[in-house]
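Colleague: I am new to this structure and would like to go through it with you. Could you show it to me and explain how each label is justified?

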Amino acid sequence: MKRYSEQKGTKLNKYGNNRDMKIEKINENKKQFLDLLLLADESEIMIDKYLPSGDLFALYDDDLKSVCVVAPINSETCELKNIATYEKYQGKGYGRALIQFISDFYKNDYKTMLVGTGETPAILSFYESCGFEQSHRVKNFFTDNYDHPMFDGDIQLVDMIYLKKSL
Ligand SMILES: CC(C)(COP(=O)(O)OP(=O)(O)OC[C@H]1O[C@@H](n2cnc3c(N)ncnc32)[C@H](O)[C@@H]1OP(=O)(O)O)[C@@H](O)C(=O)NCCC(=O)NCCS
């Protein structure tokens with residue numbers, strides 16, 4: 001059983017700064033992070049399906065910057081269900097740091113981590129740069145499961161693209 005739940009002193013040297021970042025596993029009052037979770041998943045109903053049983057991690061650099069949620073799929077596979085960084089702090093390496101942390105956190109528990117996303121090139125290349133590769137797609141996921149058309153910027157989301165990463 002893993003007992004460490006935080007990592008202090010991670011450096012984002014790429015950006016030339018030495019920051020004291022801290023990542024915590026949150027076990028109580030997870031809904032306090034709803035504003036961030038809604039950035040990645042606009043449906044609170046969907047969030048309520050995976051948040052209670054999922055593991056929630058919060059990244060602090062002075063104050064809260066990013067969160068993510070990981071849920072088990074089966075004995076070999078877990079899924080990154082949600083990851084979000086506050087808009088003004090995006091592109092500073094926090095999302096990548098969270099993915100590095102959870103990849104390490106689960107490496108003895110699961111063989112594979114999955115993540116599903118709409119067909120948005122920037123998000124796909126973000127995940128690919130974090131070690132994921134494209135796996136499969138669920139046709140018409142967004143048009144079948146939401147009662148209104150979903151957009152990321154100008155791009156309408158239709159299929160769900162799954163990516164996977166070996167842990
Ligand atoms: C996706 C997201 C979580 C990435 O978090 P982040 O803290 O911005 O990630 P990082 O700063 O570690 O970015 C890592 C890389 O992805 C790139 N990237 C991240 N988000 C990007 C975006 N929206 N557009 C273009 N590039 C992006 C960064 O430029 C960076 O590349 P680099 O290291 O080559 O410079 C963040 O953009 C976000 O919260 N988006 C809104 C919510 C969302 O869409 N979540 C994913 C749902 S599937």
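**Hairpins, core and ligand shell**

Modeller: Let us begin with a hairpin, the one that joins S4 to S5 through four residues. Please keep in mind throughout that this is a predicted model.

Colleague: How do you know that S4 and S5 pair, and in which sense do they run?

Modeller: Two strands are said to pair if at least two bridges are found between them. S4 and S5 have seven bridges and run in the antiparallel sense, so by that cut-off they count as paired. Within this pairing, Val69 stands opposite Asn82 in S5.

Colleague: Is Asn74, in the loop between S4 and S5, called buried or exposed, and why?

Modeller: A residue is exposed if 12 or fewer other C-beta atoms lie within 10 Å of its own. Asn74 has 8 C-beta neighbours inside 10 Å, and it therefore counts as exposed. As for its surroundings, Asn74 and Tyr110 are 36 residues apart in sequence, and their C-alpha atoms are 8.7 Å apart in space.

Colleague: What makes S3 and S4 a pair, and how many residues lie between them in their hairpin?

Modeller: Against the cut-off of at least two bridges, S3 and S4 have seven, in the antiparallel sense, so they count as paired. Their hairpin has one residue between the strands. Asp55 stands opposite Val70 in S4, while the bridge partner of Asp61 in S4 is Asp63.

Colleague: What is notable about phi in Asp62, and is Asp62 buried or exposed?

Modeller: Asp62, which sits in the loop between S3 and S4, has a phi near 65°, a positive value in a residue other than glycine. Since it has 9 other C-beta atoms within 10 Å, Asp62 is exposed. Asn29, in the loop between S2 and H1, also has a positive phi, of about 50°, although it is not a glycine. Asn29 has 8 other C-beta atoms within 10 Å and is therefore exposed.

Colleague: Why is S3 called mostly covered?

Modeller: To be buried, a residue needs 20 or more other C-beta atoms within 10 Å of its own. Six of the seven residues of S3 are buried, and S3 is described as mostly covered. For the protein as a whole, 26% of its 167 residues count as buried.

Colleague: Which residues touch the most other members of the largest nonpolar core, and which elements build it?

Modeller: The core has 32 residues, and Phe57, Val67, Cys68 and Leu98 touch the most other members. The elements that give two or more residues to this core are strands S2 (17-26), S3 (55-61), S4 (63-72), S5 (77-85), S6 (112-117) and S10 (160-166), together with helix H3 (94-105). H3 gives the most, with six residues.

Colleague: Why do you say that this core lies between two domains?

Modeller: The core lies between domain 1 (1-72 + 83-105) and domain 2 (111-167) because both give residues to it.

Colleague: What does Leu98 touch?

Modeller: Leaving aside residues up to four places away in sequence, Leu98 touches Ile23, Phe57, Leu59, Ser66, Cys68 and Ile83. For a contact, the two C-beta atoms must lie within 7 Å.

Colleague: How do you know that S10 pairs with S6 and with strand S7 (residues 133-138)?

Modeller: The cut-off is again at least two bridges. S6 and S10 have six and are antiparallel, and five bridges join S7 to S10, which also run antiparallel, so both pairings meet the cut-off. The bridge partner of Val115 in S10 is Leu163, and Arg137 stands opposite Ile161 in S10.

Colleague: What surrounds the ligand, and why is its shell placed between the two domains?

Modeller: There are 18 residues around the ligand, the closest being Thr85, Gln90, Gly95, Arg96 and Ala122. Helix H1 (34-40), S5, H3 and helix H4 (121-129) are the elements that give two or more residues to this shell, and H4 gives the most, with four. By class, the shell has eight nonpolar, eight polar and two charged residues. Domain 1 (1-72 + 83-105) and domain 2 (111-167) both give residues to the shell, so it lies between them.

Technical notes: Residues numbered from 1 in each chain as written. Predicted model: local features only at pLDDT ≥ 70, side-chain atom pairs only at ≥ 80, totals over all residues. Core = buried A, V, L, I, M, F, W, Y, C linked by C-beta atoms within 7 Å. Domains from an automatic or database assignment. Near = placed C-beta within 6 Å. Nonpolar A, V, L, I, M, F, W, Y, C, P; charged D, E, K, R; others polar.
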